[in-house]
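Please look over the chain shown here before reading on. The report below takes its parts in turn, beginning with a single loop residue.

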Amino acid sequence: QVQLVESGGGLVQPGGSLRLSCTGSGFTQNYYSIGWFRQTPGKGREGVSCISSYDGSTYYADSVKGRFTVSRDSAKNTVYLQMNDLKAEDTAVYYCVADSFTTIQTLCTMGTFSGSWGPGTQVTVSS
C-alpha cells in the first residue's frame with residue numbers, strides 16, 4: 001500500500017516562499033499521477049498542481065499558475081511543490097495524493113476515490 005508523508009509547511013509572510021515535499025513508499029505500479037491539494041475549514045479539497053511520474057508532465061490550477069512549481073525526484077520517491085509569492089488565500093492544509101488509475105488533469109480537476117493520501121502539512125501566510 002502506498003504511504004505518503006508531506007513536510008515543509010509553516011508560517012510565512014505574504015510574498016514569501018515555501019517548498020513542500022511529499023515522500024512516498026510502497027509503490028507497486030509503474031506510474032502514478034501525484035497531486036497536491038489544499039483544504040481550508042469548511043471547504044472541500046482543491047487540486048493545486050499535479051505531476052506525472054511517467055513523463056513529468058504537469059498541471060496547475062489557475063490560482064497558482066506562475067507562482068507554484070511542481071517537480072519530482074524519482075530516485076528519492078519525492079515530489080516537491082515550490083510556492084513563491086505566497087498570498088493569504090494560499091493558507092490551507094496541503095495534502096499530496098498518488099493515484100495510478102487517472103491522468104494528472106483528471107486528478108487535479110476532479111479528485112480521486114482510489115488514491116492514497118498523506119496526512120497533510122499546514123501552510124499559513126500571514127504578516
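## Loop residues with a positive phi

Asp 85 is partly exposed, because its relative accessible area is 41%, and the place of this residue is in the loop between S8 and S9. The model described here is a predicted one, and in it Asp 85 has a positive phi of about 50° although it is not a glycine. Most residues other than glycine have a negative phi.

Asn 77 also departs from that pattern, with a positive phi of about 50° although it is not a glycine. This residue lies in the loop between S7 and S8, and it counts as partly exposed because its relative accessibility is 39%.

## Strand S4 and its two partners

Strand S4, which covers residues 33–39, is mostly covered, since six of its seven residues are buried. On one hand it is joined by six bridges to strand S5 (residues 46–52), and these two strands run antiparallel; within this pairing, the bridge partner of Phe 37 in S5 is Gly 47. The hairpin of S4 and S5 has six residues between the strands, and there Gly 42 takes a positive phi near 85°.

On the other hand, S4 is joined by seven bridges to strand S9 (residues 92–99), and this pair also runs antiparallel. In S9, Ala 98 is the bridge partner of Ile 34. In a regular strand the side chains alternate between the two faces of the sheet.

## Salt bridges

How many salt bridges are there in the model? The count comes to four, and three pairs are described here. In one of them, the side chains of Arg 38 and Glu 46 meet with N and O 2.9 Å apart. Arg 38 counts as buried, because its relative accessibility of 7% is under 20%, whereas Glu 46, at 31% relative accessibility, counts as partly exposed.

Another pair is formed by Asp 62 and Lys 65, whose closest N and O atoms are 3.2 Å apart, and both Asp 62 and Lys 65 are exposed. In a further pair, the side chains of Arg 67 and Asp 90 meet in a salt bridge at 2.7 Å, N to O. Arg 67 lies in the loop between strand S6 (58–60) and strand S7 (68–73), while Asp 90 lies in the loop between strand S8 (78–83) and S9, so this pair ties together parts that are 23 residues apart in sequence. Arg 67 counts as buried, with a relative accessibility of 9%, and Asp 90 is likewise buried, with a relative accessible area of 1%. Arg 38, Glu 46, Arg 67 and Asp 90 are linked in a network of salt bridges.

## The largest pocket

Rolling a probe the size of a water molecule over the atoms shows where empty space is left. The largest pocket found in this model has a volume of about 260 Å³. Of the 17 residues that line this largest pocket, Phe 27, Ile 34, Ser 53, Ser 74 and Asn 77 are the closest to its centre. The elements that give two or more residues to the lining are strand S3 (18–25), S5, S7 and S8, and by class the lining has seven nonpolar, eight polar and two charged residues.

Two of the residues closest to the pocket centre have already been placed in the account above: Ile 34 as the bridge partner of Ala 98, and Asn 77 as a residue of the loop between S7 and S8. Ser 53 lies in the loop between S5 and S6, and it is partly exposed, with a relative accessible area of 25%. Between Ser 53 and Ala 88 there are 30 Å in space, C-alpha to C-alpha, and the two residues are 35 residues apart in sequence.

## The nonpolar core

In soluble globular proteins, nonpolar side chains tend to be buried together. Which residues of the largest nonpolar core touch the most other members? Of its 26 residues, these are Trp 36, Phe 68, Leu 81, Met 83 and Tyr 94. The elements that give two or more residues to this core are S3, S4, S5, S7, S8, S9 and strand S11 (121–125), and the largest share, four residues, comes from S9.

How values were computed. Residues numbered from 1 in each chain as written. Predicted model: local features only at pLDDT ≥ 70, side-chain atom pairs only at ≥ 80, totals over all residues. Heavy atoms only, no water. Buried < 20%, exposed > 50% of the residue type's maximum accessible area, 1.4 Å probe, protein only. Pairing = 2+ DSSP bridges. 1 Å grid on protein atoms, 1.4 Å probe; cavity = no way out; pocket = protein on both sides within 12 Å on 5 of 7 lines; lining within 4 Å. Points joined across faces, edges and corners; volume = space filled by probe spheres on them. Nonpolar A, V, L, I, M, F, W, Y, C, P; charged D, E, K, R; others polar. Core = buried A, V, L, I, M, F, W, Y, C linked by side-chain atoms within 4.5 Å.
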